[in-house]
Amino acid sequence: MSRRTPPRPSRINGYLWLAGDHHVHTQYSRDGVYTVADQVHQAARYGLGWLVITDHGGEQHAKIGVEKVNSEILAARAQVRDLLVFQGLEWNVPAAEEATVFVHPGPDEVAVLKEFETLFDAAVRGTRASTPANEALAIAGLRFLASAVAGQRVADALFLANHPSRNGVDSPHELRAWRDAEPHIAIGFEAAPGHQAAGIAAPAGPGRARGYYDGSPTPDSFPGYPPESYRTWGGFDWMTATVGGLWDSLLSEGRPWWITVNSDAHYVYGDPRDHGPGSDFPATGRHNDPVYTDGNGATNADFWPGYYSRTHVGVTDFSYAAVMAGLRAGRIWVDHGALIKGLDVTVRSNDRWATLGETLVAPRGGPLTLLITVDLADEPNWAGFIPKLARVDVILSPVTGPVADPDTFLAPQARVVKSFEVGAARGRVSFTYDVGRLDHPFYVRLRGTDGNRSAPGYLGPSVDPRGPAMDVPGDADPWTDLWFYTNPIWVWPEG
């Protein structure tokens, strides 16, 4: 079986839910191969509504690539009208990992990105080491973006941290500092890295770890992270996959910090193309257009945008501004492998309600109900099978306020409070959870699975009895371990 048409966006609770990808590379990356047109047409083919071109920051990109790629992005915008194509870059964050930075299209998008990269990219400035001075430079970079928006050089700009646990260099205090410095710019991180095909066992695949999460601590790594944090769990980053872990620690402070997923597409699994002959990236800032080789692409680790990882954003209309507003608001759910077709989640108190990323303010002591409706997959995904959702987990935590130690990465009161078994249902399933009386602020979020691989969570079965299992490098087929996650809904008592 194979899917014949790309999935169509659905409108739920007044929002149009567009799938997208904010982390995609082209021939303007030192380790990329594809043209902008390749990535854009594939993203449209696989049902995406928005896409961000994010070539690596660095000397060649800052001097040459950021300008050269723009003409191809402009052409793609004109040619593919049903896909919103943003220009951004993958920022080498001083003292930290990499991150997506992108701006609203406009006449100064190139000038702003070029100046930002020249002034603040760690590869350009030589500021990768985890030092206080370099951490301060990262904050200065975020403030530069905020000033570009305030000065109307660009209409909007966003930052999302990429693969935060891969090398252990995104410390908890840095995540908090980014959000605190510019909360309208720094909004979240990847819940799951790209490079998901890397886990396919050799010789059929690369035989690595999903997301290339097979490293270990370095001198610049945060020393408090355990060895398990350097692996994915069900394909997801340890910070997100751990109930009561770092993501919950941020949320339990009442700090909006959202999750996404993406392809990080450089070389696509099964595609035997490579750089064109005569490429001279240091001199030209790009590789020549790709050509077919004699290989089979089995060692490539990526999927095309939309083929496997999807970030669904609730937007008010089909526009660049609406996508950026939806991301900033946290109206997001993410999935792998088209595990589900659609999702509607609300918390209700009489005639009041809120959905993902939103805050419900309700009478103190009043009853609260969580309503979940899932449209189950009913046609093959791009791997050729119809995924089966086995279970939906409800995760809840009180909001306890700011922590004393900014390097805290645990939320002791977060836990799975309810699991719903889906069984052999088809079409649409609905679940209701009685949250109880509202006497303190809290948030609730969801997670779902195909049920193929589960294990007690990192913090134990009393917190998470059936969470994702830690992936095994070299033997982690991404198609046999599918999950979805949502951003939280906040609930706050009146008065």
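In this predicted model, glutamate 253 and arginine 255 bring their side chains together in a salt bridge, with 3.1 Å from N to O. Both glutamate 253 and arginine 255 are buried, and because buried means under 20% relative accessible area, each of the two falls below that limit. As a general matter, side chains of opposite charge can pair when their charged atoms come close.

A second pair joins aspartate 471 to arginine 453, whose side chains also meet in a salt bridge, again with 3.1 Å from N to O. Aspartate 471 lies in the loop between strand 22 (467-468) and strand 23 (483-486), while arginine 453 lies in the loop between strand 20 (442-449) and strand 21 (454-455), so the pair ties together parts that are 18 residues apart in sequence. Aspartate 471 counts as buried, at 5% relative accessibility, whereas arginine 453 is partly exposed, with a relative accessible area of 26%. Returning to the pair described at the start, Glu253 and Arg255 belong with Arg176 and Asp180 to one network, joined by salt bridges that share partners.

The whole structure, when searched, yields 27 salt bridges, and one of them links glutamate 67 with lysine 114, where the closest N and O atoms are 3.7 Å apart. Here the partners come from two helices, glutamate 67 from helix 2 (residues 59-79) and lysine 114 from helix 3 (residues 109-120), so the salt bridge ties together parts that are 47 residues apart in sequence. Glutamate 67 is partly exposed, at a relative accessible area of 41%, and lysine 114 is likewise partly exposed, with a value of 22%.

From charged pairs we turn to the nonpolar interior. In soluble globular proteins, nonpolar side chains tend to be buried together. The largest nonpolar core of this model has 89 residues, and those with the most contacts inside it are Trp50, Trp91, Phe159, Trp178, Phe189, Phe236 and Leu327. Helix 5 (residues 132-150) gives the most to this core, contributing eight residues.

Phenylalanine 189 can serve as a point from which to look around. Once its neighbours within four places in sequence are set aside, phenylalanine 189 is in contact with Leu160, Ala161, Pro164 and Leu175, with Met239, Thr240, Leu246 and Trp247, and with Trp257, Trp258, Ile259 and Thr260. Apart from the largest core lies another core, of 49 residues, among them Phe303, Trp382, Val394 and Phe442.

Conventions:
Residues numbered from 1 in each chain as written. Predicted model: local features only at pLDDT ≥ 70, side-chain atom pairs only at ≥ 80, totals over all residues. Heavy atoms only, no water. Core = buried A, V, L, I, M, F, W, Y, C linked by side-chain atoms within 4.5 Å. Buried < 20%, exposed > 50% of the residue type's maximum accessible area, 1.4 Å probe, protein only. Helix = DSSP H or I, 4+ residues; strand = E, 2+ residues; numbered from the N terminus. Contact = heavy atoms within 4.5 Å. Salt bridge = Lys/Arg side-chain N within 4 Å of Asp/Glu carboxyl O.
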